[in-house]
Amino acid sequence: MSIMTIHHSVDSLHDLFLSEQYMSDKSKYEKSHQSILRDMNQFLNSIDINKQYFRTGIIVKNPKYKKKVSQETQVLKSFKTSLNKMSSLNYESLSQQVVKDIQPYPHLYPIVFQSIIEQALLHHTYSKYYGYLVEHLHKLFRNESIIQSQLVKTKETIETTHINQQSSSYDDLCKKNKYVDQLIGYSMFVSDLEVRDIIQGYVEPTLQSLLTECSKELSEDELYKCVLCLSTIYKVVYDSNPLPESHQTSLTEIKSKIRFMKIKFKIMDILERR
(Lines give C-alpha, C1' and ligand atoms only; values in the text may rest on other atoms or scores of the structure.)
Protein backbone atom coordinates (compact mmCIF):
# COMPACT_ATOMS: atom_id res chain seq x y z
CA MET A 1 0.00 0.00 0.00
CA SER A 2 1.54 3.28 -1.10
CA ILE A 3 1.14 6.49 0.87
CA MET A 4 0.67 9.69 -1.05
CA THR A 5 2.73 12.60 0.20
CA ILE A 6 1.47 16.12 -0.31
CA HIS A 7 3.98 18.94 -0.36
CA HIS A 8 3.16 22.55 0.43
CA SER A 9 5.26 25.60 -0.18
CA VAL A 10 6.16 27.86 2.73
CA ASP A 11 4.08 30.67 1.24
CA SER A 12 0.96 28.51 1.21
CA LEU A 13 1.17 27.43 4.88
CA HIS A 14 -0.60 30.53 6.21
CA ASP A 15 -3.68 29.86 4.07
CA LEU A 16 -3.49 26.16 4.84
CA PHE A 17 -3.56 26.67 8.62
CA LEU A 18 -6.59 28.93 8.28
CA SER A 19 -8.53 26.61 5.97
CA GLU A 20 -11.80 25.04 7.14
CA GLN A 21 -10.48 21.52 6.50
CA TYR A 22 -7.40 22.06 8.63
CA MET A 23 -9.33 23.70 11.46
CA SER A 24 -11.91 20.89 11.43
CA ASP A 25 -9.25 18.14 11.50
CA LYS A 26 -7.34 19.97 14.23
CA SER A 27 -10.46 20.26 16.38
CA LYS A 28 -11.23 16.54 15.97
CA TYR A 29 -7.66 15.61 16.88
CA GLU A 30 -7.66 17.80 20.00
CA LYS A 31 -10.96 16.31 21.22
CA SER A 32 -9.78 12.73 20.71
CA HIS A 33 -6.35 13.27 22.31
CA GLN A 34 -7.14 15.58 25.23
CA SER A 35 -5.24 13.62 27.88
CA ILE A 36 -2.14 13.25 25.69
CA LEU A 37 -2.12 16.94 24.80
CA ARG A 38 -2.65 17.91 28.44
CA ASP A 39 0.28 15.73 29.58
CA MET A 40 2.49 17.08 26.82
CA ASN A 41 1.60 20.67 27.74
CA GLN A 42 2.44 20.01 31.42
CA PHE A 43 5.74 18.42 30.40
CA LEU A 44 6.70 21.35 28.18
CA ASN A 45 5.83 23.83 30.93
CA SER A 46 7.97 21.89 33.42
CA ILE A 47 11.15 22.22 31.34
CA ASP A 48 13.69 24.58 32.89
CA ILE A 49 13.89 27.90 31.10
CA ASN A 50 17.16 28.88 29.50
CA LYS A 51 17.35 32.43 30.79
CA GLN A 52 20.55 33.06 28.82
CA TYR A 53 18.77 32.58 25.51
CA PHE A 54 17.60 36.18 25.45
CA ARG A 55 20.62 38.28 26.37
CA THR A 56 19.52 41.80 27.18
CA GLY A 57 22.54 43.51 28.64
CA ILE A 58 25.38 42.83 26.19
CA ILE A 59 27.00 45.90 24.65
CA VAL A 60 29.14 45.37 21.54
CA LYS A 61 31.25 48.46 20.86
CA ASN A 62 32.77 47.35 17.56
CA PRO A 63 30.22 48.18 14.80
CA LYS A 64 31.63 45.34 12.73
CA TYR A 65 30.27 42.75 15.15
CA LYS A 66 27.03 44.45 16.08
CA LYS A 67 23.93 42.45 15.30
CA LYS A 68 20.40 43.62 14.97
CA VAL A 69 18.61 43.16 18.30
CA SER A 70 15.36 41.26 17.92
CA GLN A 71 12.06 42.79 18.97
CA GLU A 72 11.62 40.03 21.55
CA THR A 73 14.91 40.97 23.21
CA GLN A 74 13.84 44.59 23.30
CA VAL A 75 10.54 43.60 24.90
CA LEU A 76 12.29 41.59 27.61
CA LYS A 77 14.74 44.38 28.28
CA SER A 78 11.90 46.89 28.62
CA PHE A 79 10.02 44.47 30.89
CA LYS A 80 12.95 44.05 33.27
CA THR A 81 13.42 47.79 33.41
CA SER A 82 9.74 48.24 34.29
CA LEU A 83 10.01 45.54 36.96
CA ASN A 84 12.91 47.36 38.62
CA LYS A 85 11.10 50.69 38.51
CA MET A 86 7.83 49.56 40.11
CA SER A 87 6.55 51.59 43.05
CA SER A 88 3.27 52.60 44.65
CA LEU A 89 3.07 55.53 42.23
CA ASN A 90 3.55 53.76 38.91
CA TYR A 91 2.90 50.01 39.25
CA GLU A 92 -0.48 50.18 37.51
CA SER A 93 0.73 52.09 34.45
CA LEU A 94 3.91 50.00 34.20
CA SER A 95 1.88 46.78 34.46
CA GLN A 96 -0.43 47.91 31.67
CA GLN A 97 2.54 48.67 29.44
CA VAL A 98 4.17 45.31 30.19
CA VAL A 99 0.97 43.44 29.30
CA LYS A 100 0.65 45.41 26.07
CA ASP A 101 4.28 44.67 25.12
CA ILE A 102 4.15 40.95 25.99
CA GLN A 103 0.77 40.23 24.37
CA PRO A 104 2.17 39.50 20.86
CA TYR A 105 4.75 37.10 22.34
CA PRO A 106 2.97 34.46 24.47
CA HIS A 107 6.04 32.20 24.33
CA LEU A 108 7.88 34.77 26.48
CA TYR A 109 5.38 34.41 29.32
CA PRO A 110 7.35 31.65 31.18
CA ILE A 111 10.48 33.83 31.18
CA VAL A 112 8.48 36.85 32.31
CA PHE A 113 6.79 34.97 35.15
CA GLN A 114 10.06 33.46 36.36
CA SER A 115 11.62 36.93 36.44
CA ILE A 116 8.70 38.20 38.52
CA ILE A 117 9.16 35.36 41.02
CA GLU A 118 12.88 36.10 41.34
CA GLN A 119 12.11 39.76 41.94
CA ALA A 120 9.47 38.88 44.55
CA LEU A 121 11.98 36.75 46.49
CA LEU A 122 14.36 39.70 46.70
CA HIS A 123 11.88 42.52 47.30
CA HIS A 124 8.95 41.12 49.29
CA THR A 125 7.63 44.57 50.24
CA TYR A 126 6.66 44.99 46.57
CA SER A 127 4.71 41.71 46.40
CA LYS A 128 1.33 43.37 45.84
CA TYR A 129 2.72 45.26 42.83
CA TYR A 130 4.10 42.05 41.32
CA GLY A 131 0.81 40.31 42.14
CA TYR A 132 -1.08 43.05 40.30
CA LEU A 133 1.12 42.51 37.23
CA VAL A 134 0.68 38.72 37.34
CA GLU A 135 -3.08 39.15 37.70
CA HIS A 136 -3.26 41.10 34.44
CA LEU A 137 -0.86 38.76 32.64
CA HIS A 138 -2.94 35.83 33.84
CA LYS A 139 -6.11 37.39 32.43
CA LEU A 140 -4.33 37.55 29.09
CA PHE A 141 -2.64 34.13 28.90
CA ARG A 142 -4.71 31.93 31.28
CA ASN A 143 -1.93 29.38 31.75
CA GLU A 144 -2.23 27.94 35.26
CA SER A 145 0.26 25.15 34.62
CA ILE A 146 3.14 27.59 34.06
CA ILE A 147 2.34 29.43 37.30
CA GLN A 148 1.99 26.27 39.36
CA SER A 149 5.04 24.47 37.96
CA GLN A 150 7.32 27.47 38.49
CA LEU A 151 6.03 28.10 42.01
CA VAL A 152 6.66 24.45 42.91
CA LYS A 153 10.18 24.61 41.45
CA THR A 154 10.90 27.82 43.34
CA LYS A 155 9.77 26.33 46.67
CA GLU A 156 11.84 23.20 46.06
CA THR A 157 14.90 25.30 45.27
CA ILE A 158 14.47 27.33 48.44
CA GLU A 159 14.09 24.20 50.57
CA THR A 160 17.03 22.42 48.88
CA THR A 161 19.28 25.42 49.52
CA HIS A 162 18.22 25.34 53.17
CA ILE A 163 18.87 21.61 53.60
CA ASN A 164 22.27 21.48 51.88
CA GLN A 165 24.26 23.38 54.50
CA GLN A 166 27.51 21.44 54.68
CA SER A 167 30.00 24.31 54.68
CA SER A 168 31.59 26.53 57.34
CA SER A 169 29.60 28.17 60.10
CA TYR A 170 29.85 31.60 58.45
CA ASP A 171 28.54 30.21 55.16
CA ASP A 172 25.79 28.43 57.08
CA LEU A 173 24.75 31.73 58.64
CA CYS A 174 24.64 33.45 55.24
CA LYS A 175 22.58 30.61 53.76
CA LYS A 176 20.24 30.66 56.73
CA ASN A 177 19.65 34.39 56.32
CA LYS A 178 19.08 33.93 52.59
CA TYR A 179 16.65 31.09 53.26
CA VAL A 180 14.58 33.18 55.69
CA ASP A 181 14.49 36.13 53.28
CA GLN A 182 13.48 33.94 50.33
CA LEU A 183 10.87 32.11 52.39
CA ILE A 184 9.32 35.43 53.38
CA GLY A 185 9.41 36.71 49.79
CA TYR A 186 7.83 33.50 48.49
CA SER A 187 5.19 33.51 51.24
CA MET A 188 4.15 37.11 50.60
CA PHE A 189 3.99 36.54 46.84
CA VAL A 190 1.92 33.35 46.82
CA SER A 191 -0.43 34.77 49.45
CA ASP A 192 -1.11 37.79 47.24
CA LEU A 193 -1.69 35.53 44.22
CA GLU A 194 -4.14 33.37 46.17
CA VAL A 195 -6.09 36.39 47.43
CA ARG A 196 -6.40 37.41 43.77
CA ASP A 197 -7.81 33.92 42.94
CA ILE A 198 -4.93 33.17 40.60
CA ILE A 199 -3.85 30.08 42.58
CA GLN A 200 -5.45 27.99 45.32
CA GLY A 201 -4.15 25.91 48.23
CA TYR A 202 -0.85 27.72 48.78
CA VAL A 203 -1.57 29.96 51.77
CA GLU A 204 -2.05 27.28 54.44
CA PRO A 205 1.20 25.36 53.67
CA THR A 206 3.00 28.69 53.47
CA LEU A 207 1.74 29.79 56.88
CA GLN A 208 2.72 26.42 58.35
CA SER A 209 6.26 26.82 56.95
CA LEU A 210 6.55 30.24 58.59
CA LEU A 211 5.19 28.95 61.90
CA THR A 212 7.68 26.09 61.79
CA GLU A 213 10.50 28.52 61.09
CA CYS A 214 9.42 30.72 64.02
CA SER A 215 9.67 27.68 66.30
CA LYS A 216 13.38 27.30 65.53
CA GLU A 217 16.32 29.07 67.15
CA LEU A 218 16.56 32.23 65.08
CA SER A 219 18.21 35.55 65.66
CA GLU A 220 16.01 38.39 66.85
CA ASP A 221 16.11 40.01 63.43
CA GLU A 222 15.21 36.81 61.55
CA LEU A 223 12.43 35.97 63.98
CA TYR A 224 10.95 39.45 63.82
CA LYS A 225 10.92 39.36 60.00
CA CYS A 226 9.08 36.01 60.04
CA VAL A 227 6.52 37.25 62.56
CA LEU A 228 5.97 40.45 60.55
CA CYS A 229 5.41 38.32 57.46
CA LEU A 230 2.87 36.20 59.34
CA SER A 231 1.12 39.34 60.54
CA THR A 232 0.86 40.72 57.01
CA ILE A 233 -0.47 37.48 55.51
CA TYR A 234 -3.00 37.02 58.31
CA LYS A 235 -4.32 40.54 57.71
CA VAL A 236 -4.63 39.93 53.98
CA VAL A 237 -6.25 36.51 54.28
CA TYR A 238 -8.32 36.78 57.48
CA ASP A 239 -8.72 40.55 57.84
CA SER A 240 -9.93 41.14 61.43
CA ASN A 241 -11.60 37.71 61.74
CA PRO A 242 -10.33 35.17 64.31
CA LEU A 243 -7.52 32.90 63.20
CA PRO A 244 -8.00 29.12 62.98
CA GLU A 245 -7.60 27.47 66.37
CA SER A 246 -4.54 25.50 65.26
CA HIS A 247 -2.78 28.73 64.31
CA GLN A 248 -3.69 30.36 67.60
CA THR A 249 -2.23 27.37 69.45
CA SER A 250 1.01 27.47 67.44
CA LEU A 251 1.42 31.21 67.95
CA THR A 252 0.76 30.91 71.69
CA GLU A 253 3.43 28.19 71.99
CA ILE A 254 5.92 30.28 70.03
CA LYS A 255 5.18 33.32 72.21
CA SER A 256 5.79 31.36 75.40
CA LYS A 257 9.30 30.34 74.28
CA ILE A 258 10.46 33.70 72.93
CA ARG A 259 12.65 35.93 75.08
CA PHE A 260 12.43 39.00 72.85
CA MET A 261 9.70 41.25 74.22
CA LYS A 262 9.19 43.18 70.97
CA ILE A 263 8.32 39.95 69.19
CA LYS A 264 6.12 38.73 72.05
CA PHE A 265 4.05 41.91 71.77
CA LYS A 266 3.81 41.51 67.99
CA ILE A 267 2.48 37.98 68.36
CA MET A 268 -0.02 39.23 70.94
CA ASP A 269 -1.21 41.79 68.38
CA ILE A 270 -1.69 38.98 65.85
CA LEU A 271 -3.65 36.84 68.32
CA GLU A 272 -5.84 39.75 69.35
CA ARG A 273 -6.32 40.69 65.65
CA ARG A 274 -5.02 44.21 66.05
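**Reading a helical model, cavity first**

Mentor: Let's start inside: the largest cavity is lined by Ser231, Tyr234, Lys235, Lys266, Asp269, Ile270, Arg273 and Arg274. Two elements each give two or more residues to this lining, helix 11 (220–238) and helix 13 (261–271). Please keep in mind that this is a predicted model.

Trainee: How is empty space found, and how many cavities of 30 Å³ or more are there?

Mentor: The general idea is that rolling a probe the size of a water molecule over the atoms shows where empty space is left. Here the count comes to one cavity of 30 Å³ or more. The largest cavity has a volume of about 40 Å³.

Trainee: Which classes of residue make up the lining of the largest cavity?

Mentor: Five of the lining residues are charged, two are nonpolar and one is polar.

Trainee: What is the average pLDDT of the protein, and where is confidence lowest and highest?

Mentor: Think of pLDDT as the predictor's confidence in each residue. The average for this protein is 84, and 85% of the residues score at least 70. Among the helices, confidence is lowest in helix 3 (residues 34–46), with a mean of 71, and highest in helix 5 (residues 91–102), at 96. Residues 55–59 have a pLDDT below 50, and that stretch has five contacts in the model beyond near neighbours in sequence.

Trainee: How many helices and strands does the protein have?

Mentor: There are 13 helices and zero strands. Reading from the N terminus, the order is therefore easy to recite: α-α-α-α-α-α-α-α-α-α-α-α-α.

Trainee: What do the overall totals say about burial, contacts and exposed area?

Mentor: Of the 274 residues, 36% are buried. Take the contacts between residues at least 6 apart in sequence: 70% of them join residues at least 24 apart. On the outside, the protein exposes about 17,500 Å², with carbon and sulfur atoms supplying 53% of that area.

Trainee: Let's try single residues. Is His138 buried or exposed?

Mentor: Burial is read from relative accessible area, with under 20% as the cut-off. His138 counts as buried because its relative accessibility is 5%. His138 is found in helix 7 (residues 127–141). Setting aside residues up to four places away in sequence, His138 touches Tyr109, Asn143, Glu144, Ile147 and Ile198.

Trainee: And Leu121: which residues is it in contact with?

Mentor: Leu121 lies in helix 6 (residues 109–122). With a relative accessible area of 13%, Leu121 is buried too. Apart from neighbours within four places in sequence, Leu121 is in contact with Thr154, Ile158, Asp181, Gln182, Gly185 and Tyr186. Compare sequence and space as well: Leu121 and Ser187 are 66 residues apart in sequence, and their C-alpha atoms are 8.9 Å apart.

Trainee: What is the phi of Asp197, and where is this residue found?

Mentor: When checking the backbone, look for a positive phi in a residue other than glycine. Asp197 has such a value, near 60°. Asp197 is found in the loop between helix 9 (169–195) and helix 10 (203–214). Asp197 counts as exposed because its relative accessibility is 60%.

Trainee: What is the phi of Asp239, and is that residue buried or exposed?

Mentor: Its phi is near 55°, again positive in a residue other than glycine. Asp239 sits in the loop between helix 11 and helix 12 (245–257). At 54% relative accessibility, Asp239 counts as exposed.

Note on methods: Residues are numbered from 1 along each chain as its sequence is written. This is a predicted model: local features need pLDDT of at least 70, side-chain atom pairs count only at pLDDT 80 or more; totals for chains, interfaces and linings use all residues. Side-chain values use heavy atoms; hydrogens and water are left out. On a 1 Å grid over the protein atoms alone, a cavity is a set of points where a 1.4 Å probe fits but cannot get out, and a pocket is an open set with protein on both sides within 12 Å along at least five of seven lines; lining residues have an atom within 4 Å of a point. Grid points are joined across faces, edges and corners, and a volume is the space filled by probe spheres set on the points. Helices (H or I, at least four residues) and strands (E, at least two) are DSSP runs, numbered from the N terminus. Ala, Val, Leu, Ile, Met, Phe, Trp, Tyr, Cys and Pro count as nonpolar, Asp, Glu, Lys and Arg as charged, and the others, Gly among them, as polar. pLDDT is the predictor's confidence in each residue, from 0 to 100. Contact means heavy atoms within 4.5 Å. Buried means under 20% relative accessible area, exposed over 50%, partly exposed in between (1.4 Å probe, protein chains only). Accessible areas come from the Shrake-Rupley method with a 1.4 Å probe; for residues, only the protein chains shown count as cover.
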